[in-house]
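Some labels in a structural description deserve to be tested against the criteria behind them. The exchange below does this for one chain.

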Amino acid sequence: MDNDLDKIIRVICPEHGEFKIRNRDHVGENDEGIAYGCSECCGFIKDVHFD
Ligand SMILES: [Zn+2]
């Protein structure tokens, strides 16, 4: 399962389109404990979505 967290995943922002992010950062399993989304949408979001 840890391998999945280090995978680079593809997410589609409804505003800005497709981008890539490390799964760990997307779900908030990182040092910051923050779930990041589209960097153009103010850097991070609370509600994560997978494509
Ligand atoms: Zn966006």
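**Labels and their grounds**

In this predicted model, 18% of the contacts in the chain between residues at least 6 apart in sequence join residues at least 24 apart.

Q: What makes a pair of residues count towards this share of contacts?
A: Their C-beta atoms, placed from the backbone, must lie within 7 Å, and 18% of such contacts between residues at least 6 apart in sequence join residues at least 24 apart.

Q: Why are S1 and S2 called paired strands?
A: Pairing requires at least two bridges found by DSSP; S1 and strand S2 (residues 17-22) have six bridges in the antiparallel sense, and therefore they pair. Within this arrangement, the bridge partner of Val11 is Phe19 in S2, while Ile9 stands opposite Ile21 in S2, and a hairpin of three residues joins S1 to S2.

Q: Why is S2 called hardly covered?
A: A buried residue needs 20 or more other C-beta atoms within 10 Å of its own, and the count of residues in S2 that qualify is zero among six, so the strand is described as hardly covered. For the chain, buried residues make up 6% of the 51 residues.

Q: How do you know which element of the chain has the highest mean pLDDT and which the lowest?
A: On a confidence scale from 0 to 100, strand S1 (residues 8-13) has the highest mean among the elements, 92, and helix H1 (residues 2-5) the lowest, 79. The mean pLDDT of the chain is 80, with 76% of its residues reaching 70 or more.

Note on methods: Residues numbered from 1 in each chain as written. Predicted model: local features only at pLDDT ≥ 70, side-chain atom pairs only at ≥ 80, totals over all residues. Buried ≥ 20, exposed ≤ 12 C-beta atoms within 10 Å, placed from the backbone. Contact = placed C-beta atoms within 7 Å. pLDDT = per-residue confidence, 0-100. Helix = DSSP H or I, 4+ residues; strand = E, 2+ residues; numbered from the N terminus.
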